[in-house]
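Thank you all for coming; I would like to take a few minutes to walk through one structure with you. Please have the view open in front of you as I speak, and follow along at your own pace.

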Amino acid sequence: QVQLVESGGGLVQAGGSLRLSCAASGIIFSINTMGWYRQAPGKQREVVAAINSGGSTNYADSVKGRFTISRDNAKNTVYLQMNSLKPEDTAVYYCNARLRSYSLDGYWGQGTQVTVSS
């Protein structure tokens, strides 16, 4: 059984920073891409940032220059450093990992709330 557990969400004022973490555990042979998505009330889930096993990254235009994704392969953990937060960044943030356990599948975390006050 594979689990993704997120932490680090919370309430912050506009202009502030938060760091999200997501640790994968269980029977894991390899992890391909890890990423962060978010879903605001009444909106569809959207990709925020992703990082592949080689360390190449991609970001949504709305967060470029403010957010940084990184990963620690030894710990099966992905991070999202969020700086210069804006009220429109308010959402539930979900971790996603495409990894090989007994098969190659995508897994989701339970989500962590990020609220940015103006």
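Before I turn to any residue, let me say what I mean by a polar contact, which is a pair of N or O atoms within 3.5 Å, where, within protein, one atom must be able to donate a hydrogen and the other to accept it. Please also keep in mind throughout that this is a predicted model.

With that in hand, let us begin at Thr77, which lies in strand β8. A polar atom of the Thr77 side chain lies 2.8 Å from the backbone oxygen of Lys75. Is Thr77 buried or exposed? Its relative accessibility is 8%, and because buried means under 20%, Thr77 counts as buried. Leaving aside its neighbours within four places in sequence, Thr77 is in contact with Cys22, Ala23 and Met34, and also with Ser70, Arg71 and Asp72.

From that residue we can widen the view to the sheet. Strands of a sheet pair through backbone hydrogen bonds, and they may do so in a parallel or an antiparallel way. Here four strands form an open sheet with antiparallel pairing, and their order is β1-β3-β8-β7. The edges are taken by β1, residues 3-7, and β7, residues 67-72, and because each has a single partner strand, one side of each is left without a neighbour in the sheet. On average, and with direction ignored, neighbouring strands of this sheet are turned by 15 degrees against each other. Between β7 and β8, which covers residues 77-82, the antiparallel pairing runs over six bridges, and within β8 it is Gln81 that serves as the bridge partner of Thr68.

Let me move next to strand β3, residues 18-25, where we find Ser21. Ser21 is buried, with a relative accessible area of 18%, and, again leaving aside neighbours within four places in sequence, its contacts include Val5, Glu6, Trp36 and Tyr79.

Finally, which residues have the most contacts inside the largest nonpolar core? They are Trp36, Leu80, Met82 and Tyr93, in a core of 31 residues. Among the elements that give two or more residues to this core are β3, β7, β8 and β9, and the largest share, five residues, comes from β9. If you select Leu80, and do not count residues up to four places away in sequence, you will find that it touches, among others, Leu20, Trp36, Val48, Phe67, Ile69 and Tyr93.

Conventions:
Residues are numbered from 1 along each chain as its sequence is written. This is a predicted model: local features need pLDDT of at least 70, side-chain atom pairs count only at pLDDT 80 or more; totals for chains, interfaces and linings use all residues. Side-chain values use heavy atoms; hydrogens and water are left out. Buried means under 20% relative accessible area, exposed over 50%, partly exposed in between (1.4 Å probe, protein chains only). Contact means heavy atoms within 4.5 Å. Two strands pair if DSSP finds at least two bridges between them. Axes are lines fitted to C-alpha atoms, for helices over the stretch in contact, and angles run from 0 to 180 degrees between N-to-C directions. A nonpolar core is a set of buried Ala, Val, Leu, Ile, Met, Phe, Trp, Tyr and Cys residues joined through side-chain atoms within 4.5 Å.
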